[in-house]
Amino acid sequence: MKESTNQLLKPITLKKGDSGNLEIGGCDLVELTEQYGTPLYVIDEATLRSVCADYKVAFSRYEKVNMMFASKSLSTLATSVILKQEGFGFDVVSAGEIYTVYKAGVDMKKVLFNGNNKSLEELTLALELGVGRISVDNFFELDLLNELAKSYKKTVDILLRVTPGIECHTHEYIQTGHLDSKFGFDLTQIDEAVELIINSYSNLKLHGLHAHIGSQIFETKVYHDEIEILIKEIARLDEKYGLKLDEINIGGGLGVKYTEKDCPPSTYEIADVIIDSLNESVKKYGIEPPALFIEPGRSIISTAGVTLYTIGSSKQVPHGKKYIAIDGGMADNPRPSMYQAQYSAEIANFKENDSLQTVTIAGRFCESGDILIKDIELPEPAEGDILCVYNTGAYNYSMASNYNRVQKSQMVLVNNSKSDIIISRETLEDLISHDVIPDRLK
Ligand code: LLP
């Protein structure tokens, strides 16, 4: 089976330049750090576009396919413009993500609004900007949205978010009759929701069912099972209510390669399982093939991103580990401390002495848990070296914080030996710009 870009550990343009330093997108990584400082998020445009091409080719044999990038993995104006150019729609979960794609000039009909507790203000913004689909998560929201739609004299196009009873961990999954999840309607609640829509909520137009079964998925059979459950439900609703639902949204989830141990399936393999399962299920349950929506996030943007750090202090614990400290950590990449996520890294600058040492990369934040990579082999890492951490495009910047009142890092886009800032570094003034001292304290 053809390899795809989500299966690579490093951006496709990564190479060692003539100087011995690493390059991405034709840009010398050490020069980038001299120009922009560290920590620095770098996004390789060629890798991002190559993943998009994989997805488009892989799904091309299903006619009615709609690819929606999950903005939660990375939401910036520039990356939204690239994904828009590549023909992607967007899955958004907040006013901020809606506003970002709107400002990036995205056709709002190609936007789907998800979330288990969307506020009235967020739903209002979605209606005003003409967001194409709202995936309704619960009974409270059905009522809220119908009232809002009525006040706008609009009919709102919706999906129902359901929990198909499949729970996915990275390498295994469980299937149960129902799932204890905060997201979506349990399968046993669908009929009640549908009856409310048919009988009482005349400002809502239901188009289909939506589910998402997990993230960093390596297993393909889960998609087969998910699709079968959704199609079976659609056929059942048709039979019971004469309801013709013609859309299924199966969420995101395809995994990426954070370390050499990880072997995610290719986009082509996943697409084959999804399309074959869909064709098989529509035949089995006797319905028309629905439009298919997928919402990948991580597998689109992760491999395109790396983070560059400068190595500072180091500490050899007597008879223990050697710690190497970098100038970033859990505030720019909370994944290791939140999920024990593992990452791979290399020294980006040329090293005379390349004898390997096992070290632990410690972040700069005031928490002992702020360890970015445990026990990694690097060539004698020393103060001033540049560390390049791979696969940080997804859920790094989007989950970054200002912990310890440290400014968020900037982000550059590299391509064809050019680099452009796409997120500028916060200043100290930015950090206090929303602070207010009450008069009585002055
Ligand atoms: N659609 C829905 C409804 C989702 O909830 C998600 C992710 C996606 C699509 C995109 O999934 P992806 O293709 O990126 O796996 N912060 C965690 C990941 C949380 C994912 C939440 N939902 C992490 O850093 O691993």
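**Group meeting: strands, a helix and the empty spaces**

Okay, let's start with the sheet: strand β17 (residues 322-326) and strand β19 (residues 356-362) run parallel and are joined by three bridges. Before I go on, this is a predicted model, so to speak: local features need pLDDT of at least 70, side-chain atom pairs count only at pLDDT 80 or more, and totals for chains, interfaces and linings use all residues. Numbering starts from 1 along each chain as its sequence is written, and side-chain values use heavy atoms, with hydrogens and water left out.

On terms, strands (E, at least two residues) and helices (H or I, at least four) are DSSP runs numbered from the N terminus, and two strands pair if DSSP finds at least two bridges between them.

Back to β19. A362 in that strand stands opposite A325. β19 is also joined to strand β20 (residues 371-379), this time antiparallel, by six bridges. There, V359 has I376 in β20 as its bridge partner.

Now a quick check on helix α8, residues 221-241. The expected span is 1.5 Å times one less than the number of residues, so the 21 residues of α8 should cover 30 Å, and the end C-alpha atoms are indeed 30 Å apart. Right after α8 comes G242, with a positive phi near 65°.

On to the empty space. The grid is 1 Å over the protein atoms alone; a cavity is a set of points where a 1.4 Å probe fits but cannot get out, a pocket is an open set with protein on both sides within 12 Å along at least five of seven lines, and lining residues have an atom within 4 Å of a point.

The largest pocket has a volume of about 710 Å³. It is lined by 36 residues, and K72, R161, F183, H212 and G214 are the closest to its centre. β9 (156-163), β10 (166-168) and α10 (298-301) are the elements that each give two or more residues to that lining.

What about cavities? How many are there of 30 Å³ or more? Two, by this rule. The largest cavity holds about 70 Å³. Of its 13 lining residues, Y55, G251, I270, I274 and I294 lie nearest the centre.

The second largest cavity has about 40 Å³ of space. Its lining includes Y41, V42, I43, M411 and Y397. Two or more lining residues come from β4 (40-44), and likewise from β16 (305-316). β4 has the largest share, with three residues.

Note on methods. Grid points are joined across faces, edges and corners, and a volume is the space filled by probe spheres set on the points.
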